[in-house]
Amino acid sequence: MGLDRFSLKGRYALVTGSSQGIGHALAKGLAEAGATIVLNGRDEVKLEKALESLRTAGHAAHARAFDVSDSKAATTGVEAIEHEIGPIDILINNAGMTRRMPTEDLPDETWHEIIRTNLDSVFYMSRAVGRHMIGRKRGSIINICSVMSELGRPTIVPYTASKGGVKMMTKGLAADWGKHGIRVNGIGPGYFKTPLNEALIKDETFSAWVASRTPLGRWGEVDELVGAAVFLASDAASFVTGHILYVEGGMTSVV
Ligand code: GCO
């Protein structure tokens, strides 16, 4: 057995929001572990580029552009993948966004946009894929949480609320679907160098604060999330469900 239990050979993995950032790194990492990848995003041009980079590296990959925060689009998108590409064994709910502003100035639309993108999408996609996984009696769903699933920070109330929700949806889904052999876990990234965090990286004071606030003393590189994703997706984690694995340099362990 040995390392074989970490292999994703023969599995299909759908990663939402995988044109760039964490989603793209995870898609590449799962491909390297043997999975056939289905990339997803809203921007067809970005998605095509991401697909090309995976294929150029010799990986089996497909791409489907649809909006995971739209209930109908999510369901139709999943049905198309199941019928045209293959059975989704692994779903990574990664698509997410943020906007930073004082809560007292926050418009309703911004609140709804963030909750819809970060939280509704996880429900729509898990429900659509879960229906198929239930029939097959197997599947691994991984929800991308955040250190904001545990901790607050000024100016990002909707993001923090959404990521707290994603953490608890992970536990709720694990409770519902364990009897069907479906495992549902989360990964909680700390601060990583991604497009979502561009403004924070440029802000030298903030960037230095992140490093000093993190026991390992630095920002994370997206590749450092791959081990957690491969583990949770694979048979190596066959008795692990409802768990949130923080990959944050120790940030949630300290004040
Ligand atoms: C922020 C960031 C964070 C990070 C990440 C940390 O404004 O502090 O957007 O939320 O992106 O989610 O885990």
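**Note on the ligand site and two loop residues**

1. Start with the backbone at Gly 190. One of its backbone N or O atoms lies 3.2 Å from an oxygen atom of the ligand. Keep in mind that this is a predicted model.

2. Two side chains also reach ligand oxygen. In Arg 100, a polar side-chain atom lies 2.7 Å from an oxygen atom of the ligand. In Asn 197, a side-chain N or O atom is 2.8 Å from a ligand oxygen. On its own, the ligand has 330 Å² of accessible area, and the protein covers 97% of this.

3. Which residues come nearest to the ligand? There are 14 residues around it. The nearest are Arg 100, Arg 153, Tyr 159, Pro 189 and Tyr 191. Arg 100 thus appears twice in this note: it is in that nearest group, and its side chain makes the 2.7 Å approach to a ligand oxygen.

4. What is the make-up of the shell around the ligand, by class? It holds 8 nonpolar residues, 4 polar ones and 2 charged ones.

5. Now look at the space itself. The ligand takes up the largest pocket. The volume of this pocket is about 960 Å³. Its lining counts 44 residues. Closest to the pocket centre are Asn 94, Ala 95, Gly 96, Met 97 and Leu 196.

6. The lining of the largest pocket can be sorted by class too. It has 17 nonpolar residues, 17 polar residues and 10 charged residues.

7. Which helices and strands supply at least two residues each to this lining? Trace them on the structure. They are helix H1 (21-32), strand E2 (36-41), helix H4 (108-136) and helix H5 (157-177).

8. Two backbone angles deserve a check. Most residues other than glycine have a negative phi. Lys 137 has a positive phi, near 65 degrees, and is not a glycine. Find Lys 137 in the loop between H4 and strand E5 (139-144).

9. Thr 155 is the other residue to inspect. Its phi is positive, about 80 degrees, although Thr 155 is not a glycine. Where does Thr 155 lie? It is in the loop between E5 and H5. Helix H5 is also one of the elements that supply the pocket lining.

Note on methods:
Residues numbered from 1 in each chain as written. Predicted model: local features only at pLDDT ≥ 70, side-chain atom pairs only at ≥ 80, totals over all residues. Heavy atoms only, no water. Near = heavy atom within 4 Å. Polar contact = N/O pair within 3.5 Å; in protein donor to acceptor, adjacent residues only side chain to side chain. Areas by Shrake-Rupley, 256 points an atom, 1.4 Å probe, with all protein chains shown as cover. 1 Å grid on protein atoms, 1.4 Å probe; cavity = no way out; pocket = protein on both sides within 12 Å on 5 of 7 lines; lining within 4 Å. Sits in = over half its atoms within 2 Å of the grid points. Nonpolar A, V, L, I, M, F, W, Y, C, P; charged D, E, K, R; others polar. Points joined across faces, edges and corners; volume = space filled by probe spheres on them. Helix = DSSP H or I, 4+ residues; strand = E, 2+ residues; numbered from the N terminus.
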